[in-house]
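Me: I should like to go through a protein model and ask, for each label attached to it, what justifies that label. Please set the value against the criterion in every case.

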Amino acid sequence: METNKVTRRGFLKIAGLTLGGSILTCSGLGYLASRSLATKMARLEPSEFTFGEGNSADARVLVAYATYAGSTMEVAAAIGEELGVRGYRVDVKPVSEVTRWNNYQAVVIGSAVQYGDWLPEAIEFVRANQQVLKSTRVALFSVHILNLEDDPTSRAARLAYLDRVRPSIQAEAEEFFAGRFDQRGAVRLLPKLIAWATPEFDLLDWSKIRAWAQTIFS
Ligand SMILES: Cc1cc2nc3c(=O)[nH]c(=O)nc-3n(C[C@H](O)[C@H](O)[C@H](O)COP(=O)(O)O)c2cc1C
């Protein structure tokens, strides 16, 4: 769908990122920038978390996520924490680390959005596990930075982020959270020195994220 496909040019235009980077490139700070970037440019190494370890083993929930720069991992952890408070025993894991199913009563799956789609490993996770997910309660969340408005065009564009996921899964809830754009993400889109100068913008709304986690699977 046309609205779903976010071109590199379109993304940069909306993010308004190029100006500061161009200034930096001309300013002779290149050496400093490239050293600083060396630690920041790699994809974030995702972590696992557990919540509600004292809760009943009969009420287990998996929160499986895919992140590039980390914001989706933070959202997944916050959702896991809320579910733990609600009495579930919660495993929060990157999709690539879900190797066995611990009799989960429910599964939350979330991904960062890149170029109008979930990250490839998240799409693959849903496809590969669609049989087991059919007999489980499922809720989906997406973390993104464009198409956040409430008009029909914007809404349609963000709903389309799940076009490649929905055919494989019947989810009882879908939510979209504004994310964060930082240098790690900028390096995916821009020359390194320009990425270094990119201002971070953080739109994460923790109240909204935690409120959603309090309502799913009720
Ligand atoms: C290469 C790249 C492509 C992106 N494409 C989109 C997009 O198509 N639509 C959108 O809303 N956000 C897009 N974003 C913004 C990310 O979805 C947003 O920064 C998100 O918070 C990243 O999640 P993460 O920190 O878990 O990787 C893109 C970011 C990057 C780095």
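Reply: Helices and strands are here DSSP runs, numbered from the N terminus, with at least four residues for a helix and at least two for a strand. On that basis N103 is found in the loop between strand 3 and strand 4. The model is a predicted one.

Me: Why does N103 count as exposed?

Reply: A residue is exposed if 12 or fewer other C-beta atoms lie within 10 Å of its own. N103 has 9 C-beta neighbours inside 10 Å, so it counts as exposed. N103 also has a positive phi of about 50°, although it is not a glycine.

Me: What makes F217 partly exposed?

Reply: A residue is buried if 20 or more other C-beta atoms lie within 10 Å, exposed if 12 or fewer, and partly exposed in between. F217 has 18 other C-beta atoms within 10 Å, and therefore it is partly exposed. F217 is found in the segment after helix 10, and its phi is near 65°, a positive value in a residue other than glycine.

Me: How do you know that the span of helix 4 agrees with what is expected?

Reply: The expected span is 1.5 Å times one less than the number of residues. For the 15 residues of helix 4 this should give 21 Å, and the end C-alpha atoms are 21 Å apart, so the two agree. Helix 4 covers 71–85, and its buried residues include T72, M73, V75, A76 and I79. Just after helix 4, G87 takes a positive phi of about 110°.

Me: Why is strand 4 called largely enclosed?

Reply: Being buried requires 20 or more other C-beta atoms within 10 Å. Because 7 of the 9 residues of strand 4 are buried, the strand is largely enclosed by the rest of the structure.

Me: What makes strand 4 a paired strand, and which strands are its partners?

Reply: Two strands pair if DSSP finds at least two bridges between them. Strand 2 and strand 4 run parallel and are joined by 6 bridges, with V107 as the bridge partner of L62. Strand 4 and strand 6 also pair in the parallel sense, over 7 bridges, and here G110 stands opposite F141. Strand 4 and strand 5 pair in the antiparallel sense over 2 bridges, so the requirement of at least two is met there. V113 stands opposite W118 in strand 5. These two strands form a hairpin with 2 residues between them, and Y115 in the turn has a positive phi of about 50°.

Me: What makes a set of residues a nonpolar core, and which members of the largest one touch the most others?

Reply: The members must be buried residues of the nonpolar kinds, such as Ala, Val, Leu and Ile, joined through C-beta atoms within 7 Å. The largest such core has 43 residues, of which V63, A64, V108 and I109 touch the most other members. Strand 2 gives the most to this core, with 6 residues. Leaving aside neighbours within four places in sequence, V63 is in contact with A76, I79, G80, V90, V92 and V108. A second, separate core of 8 residues includes A186, L193, A195 and A197.

Me: Which residues are closest to the ligand, and how many surround it?

Reply: The ligand is surrounded by 24 residues, and the closest are T72, A112, H144, G179 and G185. By class, this shell has 12 nonpolar, 10 polar and 2 charged residues. Helix 4, strand 4 and strand 6 are among the elements that each supply at least two residues of the shell.

How values were computed:
Residues are numbered from 1 along each chain as its sequence is written. This is a predicted model: local features need pLDDT of at least 70, side-chain atom pairs count only at pLDDT 80 or more; totals for chains, interfaces and linings use all residues. A residue is near a molecule or strand if its C-beta atom, placed from the backbone, lies within 6 Å of it. Ala, Val, Leu, Ile, Met, Phe, Trp, Tyr, Cys and Pro count as nonpolar, Asp, Glu, Lys and Arg as charged, and the others, Gly among them, as polar. Two residues are in contact if their C-beta atoms, placed from the backbone, lie within 7 Å.
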